[in-house]
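This report describes selected cavities and residues for a reader new to the structure.

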Amino acid sequence: MGISLRQLAQEMDRFAQPSVLKVSDLIKWHRWNPDARRSCRAVARRHSPDTAVAIRFLTYNTYLLRATLKLPAPLTDVTLHAKPEIENRARELGRILRTEYDLSCLYEIMEHEQKSHILEAWGETPPGHIFGGRLSSLLTISPRFPIRRHARHIFFARGKSYDIDLGLTSFKVSLDSDFYAEKGVLFTEIETPLGCVEIYSTHLMFGGGLGEAAQDVLNIVPGAHMTPSNADERLQIELQQIDELIAFYNEQHLPSNVALVCGDFNIDASNERKYELLSQRFKSINMRDVWAEGPFQNERCGGQTARNDDNDRYPKERNFGNACRPLMGSFGDLYCDDTQKTTSSSDCVGRFDLLLVQDPDPAHDCNLDLARVRRRGFQRQNTTDSQQGFLSDHLGIETTLYMSQKHT
């Protein structure tokens, strides 16, 4: 029995209204090589269980931060303020991942403890996963498909630093907490029956985070006037980290594989100037932001994926009302209407979380199509914290990856 136009539309955008769908829309929603023959029959083959594999995918900043940063002697270590209900939220997230997603790239997993709480959902048979290590922030979980290759790159550019010379000893210090972390890029190659897909997940630096007390201590040094990175300095470091990511990609990438890049970039992609700086770098390796440059129409000045949770200069946002207009009929959870513009008064809110996908290439072993990329809130059903009604202060980015055989 063939696949109907309605079924295809629901797979590519489960909130679409098939009654107003055009055949040209459905064809446009798929990715094509320049010389490919485009037809409904070709589209149907890309969704047939005999010639395609569907992979439910999530990229998500988990808000599970708890970490101790080791500073150079004679300075004392700094313990970052833990986010609320870490253990409960980690276990809740694990149960969602186990039942709803085939592949997940997670961020702000700084310690083995948080990783273990998430993986508890699988009991005594943990899923395939790669953890970037303590203070890396990066965890990829693949319960359905084996991980064939993996590698990690730690950023050289980490934050603004100062040289301290005490005579008998010298060292570098920074008021950017990420300077002491191990952030970078986690490469994971997932093997499916139709070919391999490469995922490069990352969490770029944000800056600051050590608080005024640490700033006062470090500025006791005679002549010191240390400050954390300001917005312009932070952006330049983030762009250097993207350059490192691209160099790492060029080292690891196999031309036969389709590649994805995802993560929390901490660069506001709803800002046109910043977005241009980011997107031009990725276009050098034929990567495109599928939310902003894909076939579905989204509000380019909207799409924020974070809320202001801890910046005291702006009103605290305990929900996503300023970042997400709820989509009607969204299956009992918060999904966003991406055609609507959203705004926040906070400059620490933006479209930070991105998913980029390599353009179709004749060298690829298979086709890769993506269902409409959606922002999801992950509302909590049971919580003792009335202020923590969501699993994270970020929205997740989800889609379905359709890998399919190539046909002449």
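A cavity is a set of points, on a 1 Å grid over the protein atoms alone, where a 1.4 Å probe fits but cannot get out, and its lining residues have an atom within 4 Å of a point. A volume is the space filled by probe spheres set on the points. The model is predicted, so local features need pLDDT of at least 70 and side-chain atom pairs pLDDT 80 or more, while totals for chains, interfaces and linings use all residues. Residues are numbered from 1 along each chain, and side-chain values use heavy atoms, without hydrogens and water.

The structure holds three cavities of 30 Å³ or more; the table gives two of them.

| Cavity | Volume | Nonpolar | Polar | Charged |
|---|---|---|---|---|
| Largest | about 70 Å³ | four residues | three residues | four residues |
| Second largest | about 50 Å³ | six residues | two residues | four residues |

Here Asp, Glu, Lys and Arg count as charged, and Gly is among the polar residues. The lining of the largest cavity includes Arg31, Trp32, Asp361 and Lys406. Around the second largest cavity, strand β14 (353-358) supplies the largest share of the lining, three residues. Ile397 is one of the residues lining the second largest cavity, and Ile397 is also in contact (heavy atoms within 4.5 Å) with Thr59.

Thr59 lies in strand β1 and is buried (under 20% relative accessible area, 1.4 Å probe, protein chains only), at 1% relative accessibility. The side chains of Thr59 and Tyr107 form a polar contact (N or O atoms within 3.5 Å, one able to donate a hydrogen and the other to accept it) of 2.8 Å.

How values were computed: Helix = DSSP H or I, 4+ residues; strand = E, 2+ residues; numbered from the N terminus. Buried < 20%, exposed > 50% of the residue type's maximum accessible area, 1.4 Å probe, protein only. 1 Å grid on protein atoms, 1.4 Å probe; cavity = no way out; pocket = protein on both sides within 12 Å on 5 of 7 lines; lining within 4 Å. Lists of a residue's contacts leave out its neighbours within four places in sequence.
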